[in-house]
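Let's walk through this structure together, moving from helix contacts to sheets and then to a few backbone details. Please keep the 3D view open as you read.

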Amino acid sequence: METPVAAAPAGGFFPSFLLLAFGTLVAAVLGTAHRLGLFYQLMHKVDRTSIRHGGESVAAVLKAHGVRFVFTLVGGHISPLLVACEKLGIRVIDTRHEVTAVFAADAVARLTGTVGVAAVTAGPGLTNTVTAVKNAQVAQSPVLLLGGAASTLLQKRGALQAIDQMSLFRPLCKFCASVRRVRDIVPTLRAAMAAAQSGTPGPVFVELPLDVLYPYFMVEKEMVPATPPKGLMGRVVLWYLQNCLNNLFVGAWEPRPEGPLPLDIPQASPQQRPLLVLGSQALLPPTPANKLRAAVETLGVPCFLGGMSRGLLGRNHPLHIRQNRSAALKKADVVVLAGAVCDFRLSYGRVLNRKSKIIIVNRNRDDMLLNSDIFWKPQEAVQGDVGSFMLKLVEGLQGQVWASDWVEELRKADQQKEQTYRDKAAMPVSRHLNPVQVLQQVEETLPDNALLVVDGGDFVATAAYLVQPRGPLRWLDPGAFGTLGVGAGFALGAKLCQPDAEVWCLFGDGAFGYSLIEFDTFVRHKIPVMALVGNDAGWTQISREQVSRLGSDVACSLAYTDYHKAAIGLGAQGLILSRDNEDQVVKVLREGQQLCREGHAVVVNILIGRTDFRDGSISV
C-alpha cells in the first residue's frame, strides 16, 4: 500500500524565490555601493575648495618620525612630496642617479638607527633603484623607498612610465603598498616605517600615484571633462569619473595620528663564551654602541668584528683580533656568532670546528640556521636581538674568567701577520706606487673623527687589513651583497648624519666610475668629502682569476684615467699621487684633508701597482 506524499502548499515556491532574488539584488546593490565608496562618502566630507595635497601628508608623517633628509632625483610624479618636505624643514638632497639616493638613505639608516628615506619618480626612476634596494635587503637596512606612479585610473592603460612596480619590489621589500586614496597615505606610511624597523630590519616600498599627491583642483582638471558630455552613456561615464575623484579625496584632511607605531623587536635570552664574532646586527637599536662595547669589554672574550660592527672597540683594542680568523675559529672551544651568518664570509660554516660549541643569535631565523644542515651545527640557536642578547650574556657570566694565554696567543698571531704587511709595504714596484705602503700611510694620517666609506675590489680588500675604523659606526661597506657603486651615496648620507666627521672614501678605480658624477652633487649641496682612488687601471680582482684560468684579460683593462681632473671639471678639488711625488704621500693627504675642512669635495687620484695577498706579490 503506497504512502501518500504530502502536497506542498499552493503558491509557496514563487514567493520564496522572489524573496531570495530580492535579497540577492539588495546584497549586490549594497556591495556595489560599498565598492564605489558611496557609504563612506555619506559620512565623510570631500573638500573641493582645499588647495592641500597628499604630498603634505607624506611630509607630515616623515617629520613625525624624525626624518631629517630625503634623497631624490626629481620627477613630476613626486614633486608635491618634495616641496612639502622642504616646507617642513626636511632637507631634500637631489642626486644624479636614483641608485645613489637609495644608497644615501641606506647610509643614514645604518648610522642613525632610524629609517632612511629616498623618493624617486615612476617607471625608470624606480627600476634604477633595484640594485640599491637589494643591497639594503641583504644588509638588513631599514630604508623607505617612496615611488611615484601613474594616476590610479590610468594604470594598465598605457600611461607614461606606467609599469607593474609592485611586482618588481615585492621580492625585495618587507612591506609593499600602493596608496589608492589620499586618506590612506598616513596609515600606510606609519605601517611601512614600523615594518622597516621591526623584526629583521629591511627596505619597504610605498607607491604613491599622481592623483593621491596633487591637490583636488589639479586632479579634477585632469580627470573630469570641462564640458559635460551628451547622451546617457556620457553622463554615466561623467558620474563614474566624479565618483572616483570623490573617493580619492573624501575624508582626506581629517586629523589622524602621524607618529611612530610600536616596533616589534625580538628579545633574546642569555648564553655563553670564548671567541666572539660580531656582525652588523649587533649595532641595531635598541642597544647603544657604547653599552655594547662595555659589554664586550666586561665579557673579556677576544672578538672579530665585521660589517657595521667594525670599529666598535676603537683602534688597537687588546680584545679586537683582526687577522687569522679562520685559524682562531678552528682553535676555539666555544664560538658565539652574534649577528654573523654562515654564508660565503664564513665559508658556509666549514671554517667552524665541529668539536666547538657554537652559539648563534640572529633576528632572522633563516640567516641564523643557514647551512646548518650541511657544514655545521649550533649548540644553541637564539632568535632575537643581538645587542640585547649580549647585555644579558654579560649579566649571566659576571665574574667568569677565561684562559689567560688565549687572547695573548691570538694577539701574537695578529702581530706576525701585520709584520708580513710591513714587509710587503717595503717591496719595490716597477711603476707607480706600492698600494700597501700608501694604505699604511693613510692609516697613519687618518684622524680620530674619520668615517670610512669603502667601495671597490682589490684596493678596498687591502684596506680592510690595514686601515682601522676609529670607533663604532665609523665604517660603511656594501655588506654581503658586495655591490660596487655604493661609495658616493654612502658618503652623502654619512656626512649629512655626522657633519662633524671627516668622511674618507676609499675607492677602487673600477668602482669610482659609478660615483664620479656625484661630485657634482657634493659641490651643489656643499658637502665636503674626500675620495682616495686606488687607480691600478683595471678590474684587477677579476683579471687575476680570468687570466690564470682562461688566458685572456678581455674586458678587464681600464686606463690610468685622470680622475682628479674630471673632479675639477665638476667643481671639486683634484690631487694626484704618483711616482713623481711618492715622497709626499702624507703631505698630499693632509692637503686634501685641509681642503675638505675648508668645505671642498676632494678627489685624490693615486696611481698604484697591483697587489695579490694570496702569494704576497705586488706587481704592475
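In this predicted model, a good place to begin is the pair α3 and α9, which pack at an angle of about 35 degrees with their axes 9 Å apart. The crossing in which α3 passes α9 is right-handed. On the α3 side, G54, S57, V58 and V61 make the contact, and they meet I185, V186, L189 and R190 of α9. By character, the residues of this α3 and α9 contact divide into five nonpolar, two polar and one charged.

Stay with α3 for a moment and look at its contact with another helix. Helix α3 (residues 54-64) also packs with helix α4 (residues 79-87), here at an angle of about 45 degrees and with the axes 7 Å apart. That angle is why α3 counts as oblique to α4. The two helices cross in a right-handed sense. From α3, the residues in the contact are G55, E56, V58, A59 and L62, while α4 brings P80, L81, A84 and C85. Seven nonpolar residues, one polar and one charged make up this contact of α3 with α4. If you select V58, you will find it in the contact with α9 and again in the contact with α4.

Now turn to another helix pair. Helix α5 (residues 98-112) and helix α7 (residues 130-139) pack at about 20 degrees, and their axes lie 8 Å apart. How are these two helices oriented to each other, roughly parallel or oblique? At this angle α5 and α7 are therefore roughly parallel. As α5 passes α7, the crossing is right-handed. V99, V102, F103, D106 and R110 of α5 form one side of the contact, and A132, V133, N135, A136 and A139 of α7 form the other. Sorted by type, the residues of the α5 and α7 contact are seven nonpolar, one polar and two charged.

Next come the sheets. Six strands form an open sheet with parallel pairing, in the order β2-β1-β3-β4-β6-β5. At its edges are β2 (91-94) and β5 (175-178), each of which pairs on one side only. From one strand to the next, the twist averages 20 degrees. Within this sheet, strand β3 (residues 116-120) and strand β4 (residues 143-149) run parallel and are joined by five bridges. To see how they line up, find V120, which stands opposite G147 in β4.

Helices pack on this sheet as well. Helix α9 (residues 185-197), the partner of α3 from the start of our tour, touches β4, β5 and β6 (204-209), and its direction makes about 165 degrees with that of β6. Helix α20 (residues 487-497) packs on the sheet too, touching β1 (69-73) and β2, with its direction at about 155 degrees to that of β1.

A second open sheet awaits. It has five strands in the order β8-β7-β9-β10-β11, and the pairing is parallel. The edge strands are β8 (303-305) and β11 (380-383), each pairing on one side only. Direction ignored, neighbouring strands of this sheet are turned by 10 degrees against each other on average. Strand β7 (residues 275-278) runs parallel to β8, and two bridges join them. Here V277 stands opposite F304 in β8. Helix α16 (residues 386-396) packs on this sheet, where it touches β7, β9 (334-338), β10 (357-362) and β11; the direction of α16 makes about 130 degrees with that of β10.

Two backbone details deserve a look before we finish. Most residues other than glycine have a negative phi, and most peptide bonds are trans. P285 and P286, however, are joined by a cis peptide bond, with omega about 15 degrees. You can find P286 in the loop between β7 and α13 (289-299). S347, a residue other than glycine, has a positive phi near 50 degrees. Look for S347 in the loop between β9 and β10.

Finally, the record adds some labels. An unreviewed UniProt entry annotates residues 53-168 as "domain: Thiamine pyrophosphate enzyme N-terminal TPP-binding". In the model, that span is 46% helix and 18% strand, and its end C-alpha atoms lie 27 Å apart. For "domain: Thiamine pyrophosphate enzyme TPP-binding", UniProt (unreviewed entry) lists residues 455-604. Over residues 455-604 the chain is 43% helix and 16% strand, with the end C-alpha atoms 15 Å apart.

How values were computed
Residues numbered from 1 in each chain as written. Predicted model: local features only at pLDDT ≥ 70, side-chain atom pairs only at ≥ 80, totals over all residues. Heavy atoms only, no water. Axes fitted to C-alpha atoms, helices over the stretch in contact; angles between N-to-C directions. Helix = DSSP H or I, 4+ residues; strand = E, 2+ residues; numbered from the N terminus. Parallel < 35°, antiparallel > 145°, perpendicular 65-115°, else oblique. Left-handed = near helix turned anticlockwise from the far one by under 90°. Contact = heavy atoms within 4.5 Å. Nonpolar A, V, L, I, M, F, W, Y, C, P; charged D, E, K, R; others polar. Pairing = 2+ DSSP bridges. UniProt positions renumbered as here; feature names shortened; annotations may be inferred.
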